[in-house]
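Student: I'm new to this one. Could you walk me through it and tell me how each label is earned?

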Amino acid sequence: MRARLINKHEAAILAPLRDFTNADRLLWAILVGLIAVGGYAYYQQWTFGLGVTGLNRPVYWGVYITNFVFFIGLAHSGTFISAILRLAGASWRKPLVRAAEAITIFSLPFGVSSILIDMGRPERAFNIIFYGRFQSPLLWDFTAVSLYMFSSVVFFYLSLLPDIALCRDRLTEAPAWQRQMYRLLALGWEGNPEQYHRLEGVLDGMAIFMTLLVVTVHTVVSWVFGMTLQPGWHTALIGPFFLLGAIFSGTAAVVIALAVLRRVYHLEDILPINLFNSLRKLLIVFTLGWLYMMVAEYLTIYYGGVTEEMLVFWQKFTDDFAGMFWLMVLLVFVIPLFIFVFLGKDRIGWMVTACVLVNVGMWLERYVVIVPTETRPRLIYELVLGDYSPTWVEGAITAALFSGMILLYAAFTRYFPIVPVWETAEEAEEKPGETVTAPRRRWGTVGKTAPK
Amino acid sequence: MGFGFFYMRWSMVIDLDKCVACQGCSVACRFENNTPVVKPDEAIKGRAIRWNDVFPLPINPKEETGEYPNVKTRYLTRPCMHCENPPCVKVCPVQATFKNEEGIVQQNYARCIGCRFCTVACPYGVRYFNWHEPEWEGSLATHLNPDRLEGDGDLEGPAIRPKGIVEKCTFCIHRLQKARARADSEKRAFRPDEYIPACVQTCTGKARFFGDLDDPNSTVSLLAKSPRAFRVLEDVGTHPKVIYLKEG
Amino acid sequence: MEQIVSLISAFFTEPGPGGIFVLLVISLAGAVYFILIRWILQGDESGLPIPSKMLKSYRQLSSRR
C-alpha cells in the first residue's frame with residue numbers, strides 16, 4: 001500500500017475557483033476605473049513633464065518615491081512568512097504561505113513602476129543597463145530588486161505547481177482556455193514522491209536565498225537615502241530601520257489579506273483563528289522593535305544637537321511635519337500596540353483594524369523619512385522654499401497602483417487556490433476497494449475504484 | 001589636442017567684500033547658458049532655475065537680521081562648487097554627470113534619465129530640474145545663445161535641453177572649448193586667461209576671479225592662500241573648488 | 001597591485017560594467033532556476049536520481065553487447 005496525501009478541505013479551497021459573482025464584477029470595474037484615471041494622470045505627466053506634480057526644489061522626491069519604498073516594503077511580507085518562517089520550522093504558516101507570497105509578487109511590480117513613474121525621462125530607463133555605474137546606490141537597487149522580483153516569481157510558481165496540476169485535473173468544468181492554461185503551466189507535473197521530494201528540497205534552498213535577499217533588498221533601498229550626506233538620511237541605522245519597517249508592514253498586510261479571504265471565500269476552517277493569534281505575537285514584537293529603532297535614532301540626534309540634524313528633527317517633532325509625524329506614531333505604534341495586546345486575541349476584526357492603521361501609518365512613515373530632510377537642506381537660505389503639496393496627479397497615480405495590486409490579487413484568487421492544497425494535505429493510507437483517484441491523480445476521494 | 005596641451009584645475013574665487021549682490025552674475029549666466037525661464041506661479045513653487053544664485057545667508061539660522069537701518073545680513077553668490085569629491089557624481093547611475101580631467105563637473109543632458117538622485121545628493125543645492133519643456137517668449141526666444149557643446153551622444157552647456165533632465169552651472173565649459181579651438185586654429189598654446197565664465201566677465205564689483213589652481217602664480221592660487229579664504233561646508237568632505245574671501 | 005585596485009575602481013566608476021553586472025546576475029539566476037525546475041520535473045516513481053525511463057534505455061543499450 002502506498003501512502004498518499006489527502007486534503008479534506010480541498011473542495012472548500014477550490015470553491016472560489018468555481019465561482020465568479022457580481023461582487024467580483026463590481027470590484028474589478030471599480031479597480032479598472034481607478035487604474036484608468038491614474039493612466040490619464042500619467043499621460044498628463046508624460047506630456048507636460050513632472051511639473052504637474054507638487055515636486056519642486058528642494059523637494060525633488062515625494063509621493064512617488066514614498067510609494068516605491070512602501071511597495072517594496074509590502075513585498076517583504078510574503079518572503080517573511082514563506083521563507084523565514086519555513087526555515088524556523090513554524091508549521092502553522094502553511095495555510096498562509098500562498099496568500100502572503102501573492103502580496104509579494106503583486107506589490108513588487110508596482111514598486112518598480114513607481115520608480116519609472118518618478119523618472120524625468122523614463123524612455124531612457126535602459127541607460128541603466130547600457131551605462132550603469134555600480135558606484136551608484138541606484139544600481140545596487142536595480143540589481144537587488146530585479147533579482148528579488150525574479151526569484152519571488154520562481155519561488156511562488158514552484159510552490160503553486162502541484163496545485164496547478166490539481167486544477168488541471170479537478171476543474172473539468174472550467175472553460176477551455178482556462179484548462180489549457182493549467183495544462184501549460186503544470187509543466188506535466190505528475191506528483192510522484194520523487195518530484196515532491198525534489199520540490200521540497202529546492203524550496204528549502206530557495207527559502208534560505210530569499211531570506212538573504214529580503215535583508216539585502218530593503219537595506220539597499222534604504223541606502224539610496226543613507227549614502228547621501230543629508231541630515232536625517234545619513235545614518236547607519238537606516239538599513240535596519242527600513243528592514244524592520246518592511247517586515248512589520250508586510251506582516252500587517254498579510255493579516256488584512258487573510259481576514260478578507262477568510263470572510264469572502266468562507267475559509268474559516270482552513271484559516272483558523274490561532275493563525276491570527278500567531279501573527280499577533282509577531283506583530284507585537286515588530287511594533288516594539290519599531291519603537292526601539294525610533295528611540296535609538298531620535299534620542300541620538302537630539303542628544304548630539306548637530307545644527308543641521310536638529311533642523312530636520314524639529315521639522316518632524318514640532319514644525320511643518322509635526323501633524324504627520326505624530327499621526328504616524330499614533331497609527332503605527334500607539335493604537336496598534338494597544339489593540340494587539342488588549343483587544344486582538346481571538347478577534348480578527350480588531351486585528352484587521354490595527355493592521356490597516358499600521359499600513360497607513362507606515363506609508364506616512366516613509367513620507368516623513370523622505371520629505372522633511374529635503375525641506376531643510378544645509379545651505380539654510382532654502383528655508384524660504386521648503387514646502388511640498390502633492391497634486392491630483394500624484395494622488396491618482398497612487399490610487400491606480402494600489403488598485404492594480406488589488407486587482408491582480410483578486411483575479412489570482414479566482415483562478416488559483418489561495419491556500420496551498422498540497423502543503424496543507426495530510427498523509428493517509430491507501431486502502432483496497434476505497435474510491436481513489438486514477439494513477440496520475442493523487443488528490444482527495446473523487447474518482448475511480450482502486451486496483452486490488 | 002592642442003599646442004603644448006596640459007590639464008588645468010579650474011577654480012573660482014569670489015571676494016564677498018567686493019560683491020554688492022547686484023545679481024549681474026546670475027543674469028549673465030542665464031543668458032549665456034539659455035536657462036529656461038519659468039512663470040511666476042512656478043517660481044513661487046521653487047522651480048526657478050538659477051545656475052548661479054544670489055541669496056541672503058543669515059549669520060546663524062535663528063538670528064534676527066535686525067531693523068532698518070541697523071540691518072545685519074549678508075549675501076552669497078553661489079555657482080556650482082565643482083567639488084573635487086562630488087557627491088552628485090558618485091550617485092549618478094548612468095554617468096550623466098561626471099568630473100572631467102580639469103576638475104569641471106559636467107552634465108550631459110543626452111544621457112540624464114531624470115532620476116534626480118544628484119539633486120538630492122548635492123549638499124549645496126546647485127542642481128536644478130526641468131519640470132516642463134523649456135520655453136522662451138518674445139525677445140528671449142530670439143536672443144538665445146547659439147554656442148553649443150554637443151555631439152557624439154553629448155548635449156551640454158547652452159544646448160537646448162528637453163524636459164525631465166537635470167542641469168547646473170558648467171563654469172561655461174563651452175567657452176573653454178571655444179578658447180581652446182581658437183588657440184589650436186592659431187597654432188599657439190592656449191592661455192588660461194583666454195577662458196572666462198560669463199559671471200566672472202560680468203561682475204560689477206570685480207569680485208570674481210577664475211583660473212588654474214594648479215598654477216602657483218595664478219590669481220586664484222594666490223587668493224586661495226589669503227587668510228580671508230574659506231570654502232562653504234568645508235567639513236562635509238566635498239572639497240569644493242569655489243573659494244570665498246570673507247568680508248572684513 | 002595598483003592595477004587590481006584601478007580595475008576595481010573602474011568597475012564601480014566607469015559607465016557600462018554596472019549594467020553588465022546586473023544582466024549577468026539575472027542571467028545566472030535564470031539559468032540556475034531553469035536547471036532546478038527541470039531537475040524537479042524529471043523526478044520519477046522509482047525515486048532514483050536518474051529517471052527510470054533513462055535507466056531503462058541505458059539497460060537496453062548495455063544489454064545489447
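Student: How many helices and strands does chain C have?

Tutor: Chain C has three helices and zero strands, and its order from the N terminus on is α-α-α. The labels are DSSP runs numbered from the N terminus: helices are H or I with at least four residues, strands are E with at least two.

Tutor: Some ground rules before we go on. This is a predicted model, where local features need pLDDT of at least 70, side-chain atom pairs count only at pLDDT 80 or more, and totals for chains, interfaces and linings use all residues. Residues are numbered from 1 along each chain as its sequence is written, chains are lettered from A and ligands numbered from 1 in the order in which they are written, and side-chain values use heavy atoms, leaving out hydrogens and water.

Student: How do you know how confident the predictor is in chain A?

Tutor: Look at pLDDT, the predictor's confidence in each residue, from 0 to 100. Chain A averages 89, and 92% of the residues score at least 70. Over residues 433–452 of chain A, though, pLDDT stays under 50.

Student: Why is S403(A) called buried?

Tutor: Buried means under 20% relative accessible area, exposed means over 50%, and partly exposed is in between (1.4 Å probe, protein chains only). S403(A) has a relative accessible area of 3%, so it counts as buried. This residue is found in helix 14 (residues 392–415) of chain A.

Student: Which residues is S403(A) in contact with, leaving aside neighbours within four places in sequence?

Tutor: They are L31(A), L34(A) and I35(A). Contact means heavy atoms within 4.5 Å.

Student: What do the buried residues of helix 11 of chain A pack against?

Tutor: Helix 10 (273–304), helix 12 (322–343) and helix 13 (348–375) of chain A. Among the buried residues of helix 11 (residues 307–317) are M310(A), L311(A) and F313(A).

Student: What makes up the interface of chain C and chain A?

Tutor: 30 residues of chain C are in contact with 30 residues of chain A. The area buried between them is about 2500 Å², with 71% of it from carbon and sulfur atoms. Y33(C), I40(C) and L41(C) lose the most area to chain A within chain C, together 25% of what that side buries. Buried area is the accessible area (1.4 Å probe) that two parts lose on being put together, summed over both.

Student: How many polar contacts and salt bridges are there between chain C and chain A?

Tutor: The rule finds zero salt bridges, while nine residue pairs are in polar contact (both at pLDDT 80 or more). Helix 2 of chain C gives the most to the side that touches chain A, with 17 residues. A polar contact is a pair of N or O atoms within 3.5 Å; within protein, one must be able to donate a hydrogen and the other to accept it, and residues adjacent in sequence count only if both atoms are side-chain atoms.

Student: And why is the pair R116(B) and D118(A) called a salt bridge?

Tutor: The rule asks for a side-chain nitrogen of Lys or Arg within 4 Å of a carboxyl oxygen of Asp or Glu. The side chains of R116(B) and D118(A) meet at 2.6 Å, N to O, so the pair fits the rule. Across the interface of chain B and chain A, one salt bridge is found, along with 30 residue pairs in polar contact. Chain B and chain A bury about 3900 Å² between them.
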